Amino acid sequence: MSESPVQLRPEIMAQRAYKQGKPAPVNAFKLSSNELPFPLLDDVVAAASDVIDNNRYPDASCTAVREALGEHYGLESDHVLVGAGSVALLQQAITTAAGPGDEVIIPWRSFEAYPAMLVPSGALGVTVPLTREGGMDLDAMAEAITGHTRCILVCTPNNPTGPAVGHREFEQFMDNVPEDVLVIADEAYHEFVTDPKALNAARVLDRHPNLVVARTFSKAYGLAGLRIGYMLGNPAILAAFNTVAIPFAVPAPSQAAALAVMRAGDAVRARVNEITARRDEIRRALYDQGWPVPESQANFVWLPCREQVEGVNAILQAGGIIARPFPGDGIRISIGEEASVTPLLAACWQAIERYPYLRRDELL
Ligand SMILES: Cc1ncc(COP(=O)(O)O)c(C=O)c1O
């Protein structure tokens, strides 16, 4: 970063801005940002287009979307908060819950945006490593709670590794969390979960007044470009998060698109089913190649590559696959279009042949 001519907060200057997945060159598959590989549904485009010709501010409280979500989840609309992507709501939640000197427990490795989200609040991030299988270590997270803990982030399924938290395991964890500490279940990929034992945090809100759930229209609903997500939880908590929202952040076309995509349940489900079937097929094939790929309940898979991330990524790129490398750790590959599967598996095979010590058996 170049030098600023004015005094700015050093803790913010010390951060790196969020790094977006690479754009794909022509003839390559963009599997770097966990987006759906499908175009917007026609009805969604029509609904968004219908309201674009309007020079007024949008409905700041997203009333219709909150009501539709409330109906979907069997909740009053004041149990729903809508924002410009769930990332905005997560930031609002952390800012509201934790201030300078407070602690926020985050799993790691997890969503890359978490650490930077803490910075404006001045709170301290307490990172808890994942389990060997790439999932949340809920026991260790509970042990990390101190008198200063104000918020705990649980990412399920975890981005970028893929495993989901089990329902039972989560209930045990909540028994160990003080009732005045906020727990955020970040379920951005919830709709891709196929394991019946996995947590569905929206179903346990009744039991845990200190729990809020973050979900999004960006992933399974395919509206990543329209920036709209939501939180479910206690109305007093959500109202507090709303006080630090940027007003009018969710444009009217995004609100209209969200309403339209909720009406298109069958088409959305068919697309999600296609992706989860492909995910399981790819994960199995990679596992058979020898890769220690964790079980994924999301729309991506994780290749542990340790210090060979650059080398493996170069092979993927040469094979027309643009994935998301995390230096020194691994590569996250989003599940894309059917045509991407053969080149992806061919490139991964080439990579494991080139770096055989990355094989599962070698790691044990
Ligand atoms: C775990 C997780 N949470 C939240 C988000 C934010 O999604 P959005 O702001 O598009 O709703 C993402 C996006 O990649 C994510 O991976």
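Here are three short exercises with worked solutions on a predicted model.

**Exercise 1. The ligand and its surroundings**

Find which residues come nearest to the ligand, and which polar atoms of V87, S218 and R227 face its oxygen atoms.

*Solution.*

Step 1. Start with the shell: 13 residues stand around the ligand, and S86, D186, Y189, T216 and S218 come nearest.

Step 2. Sort that shell by character. You should get 5 nonpolar, 5 polar and 3 charged residues.

Step 3. Now look at the individual polar atoms. In the side chain of S218, an N or O atom is 2.5 Å from an oxygen atom of the ligand. For R227, a polar side-chain atom lies 2.8 Å from a ligand oxygen. With V87 the backbone takes part: one of its N or O atoms lies 3.0 Å from an oxygen atom of the ligand.

Step 4. Finish with the surface. The ligand taken alone exposes 400 Å², and the protein buries 93% of that.

**Exercise 2. Strand β3 and its partners**

Work out why strand β3 counts as largely enclosed, and how β3 pairs with β4 and β5.

*Solution.*

Step 1. Strand β3 covers residues 103-108, and 5 of its 6 residues are buried, so the rest of the structure largely encloses this strand. The cut-off used here is a relative accessible area under 20%.

Step 2. Follow the pairing with strand β4 (residues 124-129): it is parallel and runs over 6 bridges. Within β4, G125 is the bridge partner of V104.

Step 3. Trace the connection between these two strands. The chain leaves β3, passes through helix α5 (residues 113-118) and arrives at β4, giving a right-handed β-α-β crossover.

Step 4. Turn to strand β5 (residues 149-155). β3 pairs with β5 in the parallel sense too, over 3 bridges. Here V104 stands opposite C151, so to speak a second partner for a residue that also bridges to G125 in β4.

**Exercise 3. A threonine in a loop**

Locate T161, decide whether T161 is buried or exposed, and list the polar contacts of its side chain.

*Solution.*

Step 1. T161 sits in the loop between β5 and α7 (167-175).

Step 2. Its relative accessible area is 4%. Because buried means under 20%, T161 is buried.

Step 3. Take the side chain of T161 and look for partners. One is the backbone oxygen of G134, reached at 2.6 Å. Another is the side chain of N158, with a polar contact at 2.9 Å.

Terms used. Residues numbered from 1 in each chain as written. Predicted model: local features only at pLDDT ≥ 70, side-chain atom pairs only at ≥ 80, totals over all residues. Heavy atoms only, no water. Near = heavy atom within 4 Å. Polar contact = N/O pair within 3.5 Å; in protein donor to acceptor, adjacent residues only side chain to side chain. Areas by Shrake-Rupley, 256 points an atom, 1.4 Å probe, with all protein chains shown as cover. Nonpolar A, V, L, I, M, F, W, Y, C, P; charged D, E, K, R; others polar. Buried < 20%, exposed > 50% of the residue type's maximum accessible area, 1.4 Å probe, protein only. Helix = DSSP H or I, 4+ residues; strand = E, 2+ residues; numbered from the N terminus. Pairing = 2+ DSSP bridges. Right-handed = clockwise from strand over helix to strand, strands pointing away.
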